[in-house]
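Grab a viewer and work through the exercises below. Each one sets a task and then walks through the solution.

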Amino acid sequence: MLEIKCKHRCSRAWFDDMSNFIQELLPQDNLMPLDFYSTKKLVRGLGLPVQVIHCCVNNCMIYWGDDSDLNSCKKCGHARYKQKVRGSGNRLYIRKLKVPYKKMHYFPITPRLQRLYASTATANEMRWHSEHHMEDGKMCHPSDAPAWKHFDGCFPDFSSEVRNVRLGLFADGFQPFGQFGQQYSLWPVVVTPYNLPPNLCMKEEFMFLTVLVPGPTNPKGKIDVFFQPLIAELKSLWGVGVQTYDISKRQNFQMRAALMCTINDFPAYSMMSGWSTAGK
């Protein structure tokens, strides 16, 4: 039902009414959640976490890591939380609300990569990049490219474990409210594992949303501020890795990951690289 709600953009009231209707069809001792809140609480137990991180309203910084306890931006000095004035006359006072001016969402990729090896449907496919053979000299997958083989030669300790994950990253902005709605620029950052064969790695279910950069304005040259949690996780996966169970071989191994490439149009490429893509 959650998938149907997302696919058809149904309201929360629709979900609650549909849950009540199904409840009437089921026996009284059924365990189906009663409403949308109960369903989300149940799904949260699957262990796919999301981190809500407060941001400076001017995109100067995020309140994360060593800066998580700050109450104002260390760059521009803007307050972290909204304030509300109460009282009247000479008895005015400002009440600080625990409501941030802006927040971003970060979806860690490590649990989702581990699930690819925990599922019998994908565990074998995660080794496809090393087991397939190039046919007639035609490149049908990034693993057939010289850049992939050059990477293997530069980092043999990484490439010797074929179950280590090769990632691609792409980002672009869009207006969620359409051309005629409120002007709002939202930037999703998506990661996909290139270990999978071509018919899988470009499918929607294997494109992992990792960072949701909030608007309403284009982050432009400050987009790297929102990449801090992702960069920290990628560095950890590259240097240390994480213990992962491979159900196809019924054994644990130390899974590492490397970011192989990024895919963007030229404006996004300029923002993510810090290089100019226009003019002289």
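A polar contact here is a pair of N or O atoms within 3.5 Å, where one must be able to donate a hydrogen and the other to accept it; residues adjacent in sequence count only if both atoms are side-chain atoms. Keep in mind that this is a predicted model.

**Exercise 1. Work out what surrounds the charged side chain of Arg80.**

Step 1: place the residue. Arg80 sits in the loop that runs between β1 (51–55) and β2 (81–86).

Step 2: look for a charge partner. Arg80 is buried, yet it has no salt bridge. Asp69 is the nearest side chain of opposite charge, and it is 5.9 Å away. A salt bridge needs a side-chain nitrogen within 4 Å of a carboxyl oxygen, so that pair doesn't make the cut.

Step 3: check polar partners instead. The Arg80 side chain gets to the backbone oxygen of Leu70 at 2.8 Å. Its side chain also has a polar contact of 3.5 Å with the side chain of Tyr81.

Step 4: list the wider surroundings. Setting aside neighbours within four places in sequence, the contacts of Arg80 include His54, Tyr63, Ser68, Val99, Pro100 and Tyr101.

**Exercise 2. Find out which parts of the chain the salt bridge between Asp246 and Arg127 ties together, and whether the two residues are buried or exposed.**

Step 1: get the distance. The closest N and O atoms of Asp246 and Arg127 are 3.7 Å apart.

Step 2: map the ends. Asp246 belongs to strand β8 (residues 242–246), while Arg127 is in the loop between α4 and α5, so the bridge links parts 119 residues apart in sequence.

Step 3: check accessibility. Asp246 counts as buried at 0% relative accessibility, and Arg127 counts as buried too, at 10%.

Step 4: follow the partners. Arg163 forms a salt bridge with Glu161, with 3.0 Å between the closest N and O atoms. Arg163 is buried at 5% relative accessibility, whereas Glu161 is partly exposed at 24%. Through shared partners, salt bridges join Arg127, Glu131, Glu161, Arg163 and Asp246 into one network.

**Exercise 3. Describe the salt bridge between Asp157 and Arg256.**

Step 1: the side chains of Asp157 and Arg256 meet at 3.6 Å, N to O.

Step 2: Asp157 is in helix α7 (residues 156–159) and Arg256 is in the loop between β9 (251–255) and β10 (257–263), so this pair connects parts 99 residues apart in sequence.

Step 3: Arg256 counts as buried, at 15% relative accessibility. For the overall tally, the structure holds seven salt bridges.

**Exercise 4. Say where Ala123 is found and what it is in contact with.**

Step 1: Ala123 is in the loop between α4 (110–118) and α5 (128–131).

Step 2: its relative accessible area is 0%, so Ala123 is buried.

Step 3: beyond its neighbours within four places in sequence, Ala123 is in contact with Leu116, Tyr117, Asp246, Ile247 and Ser248. Asp246 is also the salt-bridge partner of Arg127.

Step 4: the C-alpha atoms of Ala123 and Arg163 are separated by 9.1 Å, with their positions 40 residues apart along the chain.

**Exercise 5. Characterise the largest pocket by its space and its lining.**

Step 1: the largest pocket holds about 1400 Å³ of space.

Step 2: its lining comprises 21 residues, and Leu2, Cys6, Val43, Leu48 and Phe107 lie nearest the centre.

Step 3: the elements giving two or more residues to that lining are α1 (2–8) and α3 (36–44). The largest share, five residues, comes from α1.

How values were computed:
Residues numbered from 1 in each chain as written. Predicted model: local features only at pLDDT ≥ 70, side-chain atom pairs only at ≥ 80, totals over all residues. Heavy atoms only, no water. Helix = DSSP H or I, 4+ residues; strand = E, 2+ residues; numbered from the N terminus. Buried < 20%, exposed > 50% of the residue type's maximum accessible area, 1.4 Å probe, protein only. Lys, Arg positive; Asp, Glu negative; His and termini not counted. Contact = heavy atoms within 4.5 Å. 1 Å grid on protein atoms, 1.4 Å probe; cavity = no way out; pocket = protein on both sides within 12 Å on 5 of 7 lines; lining within 4 Å. Points joined across faces, edges and corners; volume = space filled by probe spheres on them.
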